[in-house]
Amino acid sequence: MTDREENAAGQAEEGEKGGAGQAAGAKDAAMQWAEKRLVLLEEAGQYEEDLSALTGSGYKGDLKRLSRMDHYGQAELLEMLFEQSERRADFGELLGVEDAYGLLFAGPSGCGKMTTAEHLVGNLKKMGYTRLAALRGVRLGSHSRKKAVRRMRAVLGLASEDTPLVLLLEQLSDNPWAGELYDILLEFAEEQEPGVLFPILIERDAAVFSAALKRDFPLISFSLPSLEDRKNYIRLHQNVEVVYEDDGTDGEAGEDEPFFYKIVFEGITPEEIAAETEGFSYAGLKQLTEYVKVYLTDILVRDNVPEQYACERVQEEGYYKVKGHMVRQAVAMLRERGGGSAGGPGPEAWGAGLEPVIRLLSQTELLSGLSQTARPAGQAQGADPAAGLTLSEIEQKVKIAAEGGPKDARALALRYREQVYQTDEFGKVDERLANSSDEYDEEE
């Protein structure tokens with residue numbers, strides 16, 4: 001072999017070693033990335049609660065308090081699937097109930113998918129799973145296919161018979177290589193013994209899951225709350241429980257004490273709130289209740305009596321009233337920013353201005369549902385209601401009036417008749433509610 005040939009062979013060998021070294025370095029980097037996202041369940045206090053915390057099945061004590069708990073229908077089903085009892089195991093074997101070693105969750109944002117999954121981790125922890133990796137699809141790497149594949153394999157490499165892993169993977173479909181990554185995950189899961197890996201795969205759209213994934217793992221659907229669900233949620237959350245620290249300002253500090261109060265709606269009923277929150281998710285309803293509590297806080301802050309007496313009055317009476325127009329204002333704010341539901345307007349809708357967004361969000365029956373007596377003067381019976389004022393014009397005129405501009409009596413009257421003036425258990429609502437009068441709020 002000549003000197004030139006020897007040098008070429010040496011360079012080729014060094015190139016192969018360098019390529020192998022780079023591959024090993026990339027593999028090590030992927031494993032380091034995966035290990036940073038690893039949670040040891042024995043040391044993780046946030047996963048102590050299981051599904052019974054959502055369903056209330058394991059609660060023993062004050063039944064009144066139990067009635068204030070949220071109940072998740074999907075959590076009830078999963079609790080039955082994963083209940084660890086000899087009796088259930090015997091009947092499950094008798095009836096041929098197959099064990100689940102992974103789950104698919106699908107449904108709109110804000111409908112309890114992640115909350116249910118996190119509580120299920122508590123059940124899996126009791127079943128012997130010792131590790132958790134919680135990831136979002138885009139975090140696996142959205143700019144490099146090789147990096148995404150390496151990271152997925154590294155995460156799966158954390159699972160073994162000695163260290164069974166729960167993989168909580170959200171919105172893998174947001175990753176450009178989601179299809180290939182799902183195939184890698186499925187292939188790994190099928191090669192392992194049951195109990196080594198438990199994937200909980202969360203997507204907004206069930207169509208993302210392949211037929212192979214649906215064959216191996218049960219699909220649990222989460223949906224937006226129905227009218228009855230929203231009504232129950234609102235009634236449930238009228239009863240508020242707050243636990244505050246006893247800092248010992250009146251003496252020696254003691255244990256934290258719970259404080260209970262009830263939100264009383266004046267001028268609007270839970271049924272009406274439920275009707276006006278069509279399309280809201282549970283997260284949107286929760287935000288609505290938070291807005292209502294902010295309004296209550298503001299009422300107390302503006303109260304003429306000293307702060308100490310204002311707080312004592314709420315504590316002693318155990319309730320506080322909130323005006324109906326405040327609730328409607330909170331609903332409108334959530335709708336306008338798309339926070340009430342998963343299907344709210346996106347940024348592209350706002351680019352076209354306010355009018356198309358209002359048209360999209362307004363109730364289409366606002367004008368079509370007007371009675372003959374509520375029709376604008378001069379409009380013929382049977383004529384198109386929109387021939388007078390369109391929905392967007394009404395909303396714009398109401399908005400201008402609310403911001404202190406000129407008031408269009410015709411538009412305000414139409415809005416008032418359809419959305420404000422209603423009869424309920426509190427009697428007829430005062431007309432001043434239509435203008436959100438601050439003066440009215442300060443009256444007894």
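Which residues line the largest cavity? Let me start there, everyone, and please keep in mind that what we have on screen is a predicted model. The lining is made up of Ile 234, His 237, Gln 238, Ile 263, Phe 265, Ile 273, Leu 285, Leu 288, Thr 289, Val 292 and Val 327. Two elements, β8 and α12 (282-301), each give two or more residues to that lining. The largest share comes from α12, with four residues. If you sort the lining by class, you get eight nonpolar residues, three polar ones and no charged ones. As for volume, the largest cavity comes to about 100 Å³, and the structure holds two cavities of 30 Å³ or more.

One name in that lining leads us on to a helix. Val 327 lines the largest cavity, and Val 327 is also among the buried residues of α14. Helix α14 covers residues 324-336, so to speak a run of 13 residues, and its first and last C-alpha atoms are 19 Å apart, close to the 18 Å expected at 1.5 Å a residue. Which residues of α14 are buried? They are Gly 324, His 325, Met 326, Val 327, Arg 328, Ala 330, Val 331 and Leu 334. As a reminder for reading that list, an α-helix has 3.6 residues a turn, so residues three or four places apart point the same way.

Now to the charged pairs. Side chains of opposite charge can pair when their charged atoms come close. How many salt bridges does the structure hold? There are 14, and I'd like to walk you through a few.

Take Lys 126 and Asp 50, whose closest N and O atoms are 2.5 Å apart. Lys 126 sits in helix α6 (residues 113-126), while Asp 50 sits in the loop between β1 (38-40) and α2 (52-55), so this pair ties together parts that are 76 residues apart in sequence. The two partners sit in contrasting surroundings: Lys 126 counts as exposed at 59% relative accessibility, whereas Asp 50 is buried at 10%.

Next come Arg 215 and Glu 190, which meet in a salt bridge at 3.3 Å, N to O. Here helix α9 (residues 211-216) supplies Arg 215 and helix α8 (residues 178-191) supplies Glu 190, so parts 25 residues apart in sequence are tied together. Arg 215 is exposed, with a relative accessible area of 58%, and Glu 190 is partly exposed at 45%.

My third pair is Glu 266 with Lys 323, where the closest N and O atoms are 2.8 Å apart. This one links distant parts of the chain, strand β8 (residues 257-266) for Glu 266 and strand β9 (residues 319-323) for Lys 323, 57 residues apart. Is Lys 323 buried or exposed? Lys 323 is buried, with a relative accessible area of 12%, while Glu 266 counts as partly exposed at 24%. Going back to Arg 215 for a moment, salt bridges that share partners join Glu 190, Arg 215 and Asp 216 into one network.

Last stop, the largest nonpolar core. Of its 34 residues, Met 152, Leu 167 and Leu 169 touch the most other members. The elements giving two or more residues are α1 (3-36), β2 (103-106), β3 (131-136), α7 (145-156), β4 (165-170), α8 and β5 (197-203). Helix α8 gives the most, with eight residues. That is also the helix that holds Glu 190. Thanks for listening!

Notes
Residues numbered from 1 in each chain as written. Predicted model: local features only at pLDDT ≥ 70, side-chain atom pairs only at ≥ 80, totals over all residues. Heavy atoms only, no water. Expected span 1.5 Å × (residues − 1). Buried < 20%, exposed > 50% of the residue type's maximum accessible area, 1.4 Å probe, protein only. Salt bridge = Lys/Arg side-chain N within 4 Å of Asp/Glu carboxyl O. 1 Å grid on protein atoms, 1.4 Å probe; cavity = no way out; pocket = protein on both sides within 12 Å on 5 of 7 lines; lining within 4 Å. Points joined across faces, edges and corners; volume = space filled by probe spheres on them. Nonpolar A, V, L, I, M, F, W, Y, C, P; charged D, E, K, R; others polar. Core = buried A, V, L, I, M, F, W, Y, C linked by side-chain atoms within 4.5 Å.
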